[in-house]
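Below are some notes on this model, set out as numbered points. They go from the overall division of the chain to single elements and one residue.

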Amino acid sequence: MGVASRLLSTVSKKTIKPFSPTPSTQRLHKLCLPGQAFPPNHIPLVFFYPKQQVDTIFPNGHKQRLSKFLEISLSKTLTCYYPWAGRLKDNATVECNDVGAEYFEVQINSSMDEVLHHSDSRIKDLVTFPQGAPWGKCMDRALAIAQLSHFECGGIAISVCLSHKVGDACSCYCFLRDWASLTRDPNTKIASSPYFVEDSVIPSPLPDGPLASPVSKKKQECIEKTFDFSALKISPLKAFVEAESGVQNPTRNEVVNALVYKCAANAASIHQSHQLVQYTNIRPSVSPPLPPTSIGNLLTVFSTPIYNSSREGDFNLSKIVTDIRNSKQKLLSRDNIKENEWAWEIVNAYKTGKGTFQQRNCDVYVSTSLCQFPFHDLDFGWGKPSRARLGGHLISKFFSLMSTHDGGIQVSVHLNEQQMSVFENDQHLLQFATPTG
C-alpha cells in the first residue's frame with residue numbers, strides 16, 4: 001500500500017444516488033442460487049483512455065466537466081440497475097434502498113504506460129481501483145463503486161467494481177454499456193431495459209430455502225501475470241489443433257484455454273491428476289431463451305475429464321480441445337436450469353462445508369471467459385479504450401480471458417510463485433503468447 005499511496009492522491013469521494021427513486025414494490029431483490037453462493041465480493045473492471053482521445057471532448061482544464069458527465073450518467077444508470085444502488089440485507093437479499101454508489105476521483109502521479117506495464121499486477125489494482133474494492137467484501141460497503149483516475153500524461157482510466165452477488169460478467173457488461181451510452185448522449189434512452197432475474201430462476205433446492213451464508217472458497221497465495229494472444233498468433237494455433245484433432249473450426253476460446261491449462265498443469269511441481277472447469281453463460285442455451293439483458297448470475301460450468309500428467313499421451317493440446325468441445329456439446333443438450341452443474345457443485349459444497357470443486361479429488365484449474373462481451377468497445381464519448389482488464393483474483397489456478405481490439409485474447413493467469421516461474425518460461429506458451437505484465 002505504501003507504493004500506491006505515493007502514486008495517487010484522492011481528489012474527491014462522493015455518493016451517487018439513483019436519478020429517480022426505486023418504487024416501493026421493488027424494495028427487496030431476491031438472489032438466485034449462484035448469487036447466494038458467491039462471497040460478497042466485487043467484480044473489478046478498468047478501462048484506459050489515452051490523452052489524445054479524451055482531449056477531443058475535454059481538453060486540458062476541463063477535468064471537472066468530465067467528472068460531472070460521468071456522475072450524472074452514473075446516477076441515471078443506477079435508476080435502471082437499482083439493486084446495485086442498494087445494500088445487502090442478508091446473504092440472499094438486496095435491499096433496494098437507493099443508498100447509492102461510491103464514486104472516487106483520483107490523481108495518479110505516474111503515466112498511464114508506467115502503470116499498465118508495471119511488473120507488479122497488485123500495483124495496477126491498488127492504483128486504478130478504489131482502495132479495498134477489487135474482489136473486496138461488499139457486505140458493509142456499496143454494491144457499486146466507480147473511480148475516475150487522471151494520469152500525469154493526461155490520459156484517464158474508468159474503473160468500476162460491481163457486486164458479484166447481484167450479477168455476473170454479462171450483467172456487468174450491460175451496466176457499463178448503458179453507463180457509456182448515457183455519458184455519450186445524456187438524452188438517450190436505454191435500448192433494452194434490464195430484466196432482473198431473481199430466485200425463481202435457479203432457486204435453492206435446499207429444504208430450508210436460501211443459503212444462509214456464501215459457499216467458502218480456499219484462498220491461496222498467488223501471482224497474477226497477463227499474456228496477449230494476438231489474432232495473428234491464434235490463427236496458426238487453431239490450424240494446428242484442427243489438423244491434429246479433427247475438431248472443425250476450433251474457437252479462439254477453446255485453443256487458448258487448452259494451451260494455458262496445459263502449460264499451467266505441466267508447471268506443477270508434483271504431477272498429479274487435474275481437470276479444467278469453465279464457467280459459461282446460460283442465457284442463450286435455456287428454453288425459452290432468457291433475454292440477453294437478464295441481470296443475475298446465470299451461469300453453469302462444464303468440465304474436461306480428469307487427466308493424469310504422467311500419462312503424456314492422455315494430455316496433449318489436441319485432446320484437450322476435443323474434450324472441451326465434447327463437454328460444451330453435452331452442455332447444450334441438457335436443461336441448464338434443472339440440470340445445472342454449477343448449482344449441484346454449490347449445494348454439495350454447502351452441505352459438506354468444503355469449497356467448490358474441492359470434492360473432485362484432483363487439482364482443479366478454473367477458467368472464465370469474458371470474450372463474448374465487447375468490453376474493449378466501451379465508448380463514453382471519446383472513443384474505445386486502448387486497454388481493458390479485469391482486476392487480479394484471489395484464487396490460484398484461475399484464468400480469465402478478455403477480447404482485445406485485434407481479435408485476439410488477453411489472459412490473466414493466477415498461479416503460485418513456484419508454478420508461475422515455470423509457466424511464464426514455457427516455450428510452447430511463448431510461441432503464441434506475449435507477456436504483458
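1. The model is predicted. Its protein chain is divided into domain 1, residues 3-201, and domain 2, residues 223-436. Between the C-alpha centres of domain 1 and domain 2 the distance is 25 Å. At the boundary, 58 residues of domain 1 are in contact with 42 residues of domain 2.

2. One open sheet has six strands in the order 1-6-7-8-3-16, and its pairing is mixed. Strand 1 and strand 16 are at the edges with a single partner strand each, so one side of each has no neighbour in the sheet. From one strand to the next, the twist averages 15°.

3. Within this sheet, strand 7 and strand 8 run antiparallel and are joined by seven bridges. Isoleucine 145 has cysteine 161 of strand 8 as its bridge partner. Helix 4 packs on the sheet and touches strand 1, strand 6, strand 7 and strand 8. The direction of helix 4 makes about 160° with that of strand 6. Helix 7 lies across strand 3, strand 7 and strand 8, and runs at about 135° to strand 8.

4. Why can strand 3 be called largely enclosed by the rest of the structure? Strand 3 covers residues 42-49, and eight of its eight residues are buried, so the description follows from the count. Buried here means under 20% relative accessible area. The two faces of strand 3 can be listed separately: His42, Pro44, Val46 and Phe48 point one way, while Ile43, Leu45, Phe47 and Tyr49 point the other way, and all are buried.

5. Strand 3 is paired with strand 8 and with strand 16. With strand 8 the run is antiparallel and there are eight bridges; in that pairing phenylalanine 48 stands opposite alanine 157. With strand 16, residues 387-390, the sense is also antiparallel, over four bridges. There, valine 46 has arginine 389 as its bridge partner.

6. Does the length of helix 4 fall short of expectation, or agree with it? The helix runs over residues 63-80, which is 18 residues; at 1.5 Å a residue it should span 26 Å, and its end C-alpha atoms are 27 Å apart, so the two agree.

7. The buried residues of helix 4 are Leu66, Ser67, Leu70, Glu71, Ser73, Leu74, Ser75, Thr77 and Leu78. In an α-helix there are 3.6 residues a turn, so residues three or four places apart point the same way. The buried residues of helix 4 pack against strand 1 (8-16), strand 6 (101-108), strand 7 (144-151) and strand 8 (156-163), and also against helix 3 (51-54) and helix 7 (169-184).

8. A second open sheet, of three strands, has the order 2-5-4 with antiparallel pairing. Strand 2 (28-30) and strand 4 (87-90) are at the edges, each with a single partner strand, so one side of each lacks a neighbour in the sheet. The twist here averages 35° from one strand to the next. Strand 2 is joined to strand 5, residues 93-95, by three bridges, and leucine 28 stands opposite glutamate 95 of strand 5.

9. Is glutamine 275 buried or exposed? Glutamine 275, in strand 11 (residues 273-281), has a relative accessible area of 7% and is therefore buried. Its side chain makes a polar contact with the side chain of arginine 360, at 3.2 Å. Leaving aside neighbours within four places in sequence, glutamine 275 is in contact with residues including Tyr261, Ser303, Pro305, Arg360, Asp363 and Tyr365.

Notes:
Residues numbered from 1 in each chain as written. Predicted model: local features only at pLDDT ≥ 70, side-chain atom pairs only at ≥ 80, totals over all residues. Heavy atoms only, no water. Expected span 1.5 Å × (residues − 1). Buried < 20%, exposed > 50% of the residue type's maximum accessible area, 1.4 Å probe, protein only. Contact = heavy atoms within 4.5 Å. Pairing = 2+ DSSP bridges. Axes fitted to C-alpha atoms, helices over the stretch in contact; angles between N-to-C directions. Polar contact = N/O pair within 3.5 Å; in protein donor to acceptor, adjacent residues only side chain to side chain. Domains from an automatic or database assignment.
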